[in-house]
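Subject: Structure handover

Hello,

Here is the structure I promised to pass on. Please open it next to this email and follow along.

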Amino acid sequence: MAFELPKLPYAYNALEPTIDARTMEIHHTKHHNAYVTNLNNAIAGKPEEKMSIEDICKNISKSPVAVRNNGGGHFNHSLFWTIMKPKGGGEPSGELGDAIQGTFGSFADFKTQFGNAGATRFGSGWAWLSVSAGKLVISSTPNQDNPLMDVAEVKGTPILGLDVWEHAYYLHYQNRRPDYITAFWSVINWDEVSRRFMAAK
Ligand code: MN
């Protein structure tokens, strides 16, 4: 079955002023849509056609580079849209809040480390918070790779991801990636990140 572009769970302008409507619309209807189209073309008639996107990622070393780039792009953006929401932000509570404090010392320390992962990723890529063997871990990946992939330096189940490709922020922030990363904290949907944490640990 062919993969499909998921609908955004909010309007294109819902994350303003953090992420402007034009960026969201281009990002979703052009960039993500192209990953879906190119993924479907790359897997037509291949074993990946019958696999979930998660299983494709977990076995990505066996797939051609077009599947790695576009399958990663599809998985990553599908996650990215859900972990943001209008009037998001604040701090996670419950088990996720406790785990962040226990792992990184404090929420502020976590923000610093995650922000650094995004800011220091050279070129295009992602910053991640993942669950690996029941523990939280921060990492970053190049291009459209992700921690699910068997080729990832740091493997795990991603529960929070930040797209640091220029296409994610350039219209509003131009070269100021650190400003985009700082603003990102105000749109995070911690309920969704917590849900993913409980499912992954
Ligand atoms: Mn993107």
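Start at the hairpin of β1 and β2, where two residues sit between the strands. There, A133 takes a positive phi near 50°. Keep in mind that this is a predicted model.

Now look at the strands themselves. β1 covers residues 125-132 and pairs with β2 in the antiparallel sense. Eight bridges hold that pairing. Two positions are easy to find. W126 stands opposite T141 in β2. A127 has S140 of β2 as its bridge partner.

β1 also pairs with β3. The two run antiparallel and are joined by six bridges. Here, too, you can check positions. W128 has G161 of β3 as its bridge partner. V131 stands opposite T157, also in β3.

A general point helps here. Strands of a sheet pair through backbone hydrogen bonds, and the pairing is either parallel or antiparallel.

Put the strands together and you get the sheet. It is open, has three strands, and follows the order β2-β1-β3. The pairing is antiparallel. Which strands stand at the edges? They are β2 (135-142) and β3 (157-163). Each has a single partner strand, so one side of each is left without a neighbour in the sheet. On average, neighbouring strands of this sheet are turned by 20° against each other, direction ignored.

Is β1 mostly covered or mostly uncovered? It is mostly covered, as seven of its eight residues are buried. In β3, six of the seven residues are buried, so this strand is largely enclosed by the rest of the structure.

Next, the metal. Which residues coordinate the manganese ion? They are H27 (NE2), H77 (NE2), D163 (OD) and H167 (NE2). The distances run from 1.9 to 2.1 Å. Along the sequence, the donor residues are spaced H-x49-H-x85-D-x3-H. H27 lies in helix α1 (residues 21-43), and H77 lies in helix α3 (residues 65-82). The pair therefore ties together parts that are 50 residues apart in sequence. Both H27 and H77 are buried.

Then there is empty space. Rolling a probe the size of a water molecule over the atoms shows where such space is left. How many cavities of 30 Å³ or more does a search of the whole structure find? The search finds one. The largest cavity holds about 30 Å³ of space. T18, I19, D20, T23, A168, Y169, H172, Y173 and Y180 line it. By class, that lining has five nonpolar, three polar and one charged residues.

Last stop: R177. This residue is placed in helix α7 (residues 177-184). Is R177 buried or exposed? Its relative accessibility is 11%, so R177 counts as buried; the cut-off for buried is under 20%. Compare its position with that of E166. The two are eleven residues apart along the chain, and their C-alpha atoms are separated by 8.0 Å.

For a first tour, I would take the stops in this order: the hairpin with A133, the sheet β2-β1-β3, the manganese ion with its donor residues, the largest cavity with its lining, and R177 in helix α7.

Best wishes

Methods: Residues numbered from 1 in each chain as written. Predicted model: local features only at pLDDT ≥ 70, side-chain atom pairs only at ≥ 80, totals over all residues. Heavy atoms only, no water. Donors = N, O, S within 2.8 Å, 3.2 Å for Na, K, Ca; no water. Helix = DSSP H or I, 4+ residues; strand = E, 2+ residues; numbered from the N terminus. Buried < 20%, exposed > 50% of the residue type's maximum accessible area, 1.4 Å probe, protein only. Pairing = 2+ DSSP bridges. Axes fitted to C-alpha atoms, helices over the stretch in contact; angles between N-to-C directions. 1 Å grid on protein atoms, 1.4 Å probe; cavity = no way out; pocket = protein on both sides within 12 Å on 5 of 7 lines; lining within 4 Å. Points joined across faces, edges and corners; volume = space filled by probe spheres on them. Nonpolar A, V, L, I, M, F, W, Y, C, P; charged D, E, K, R; others polar.
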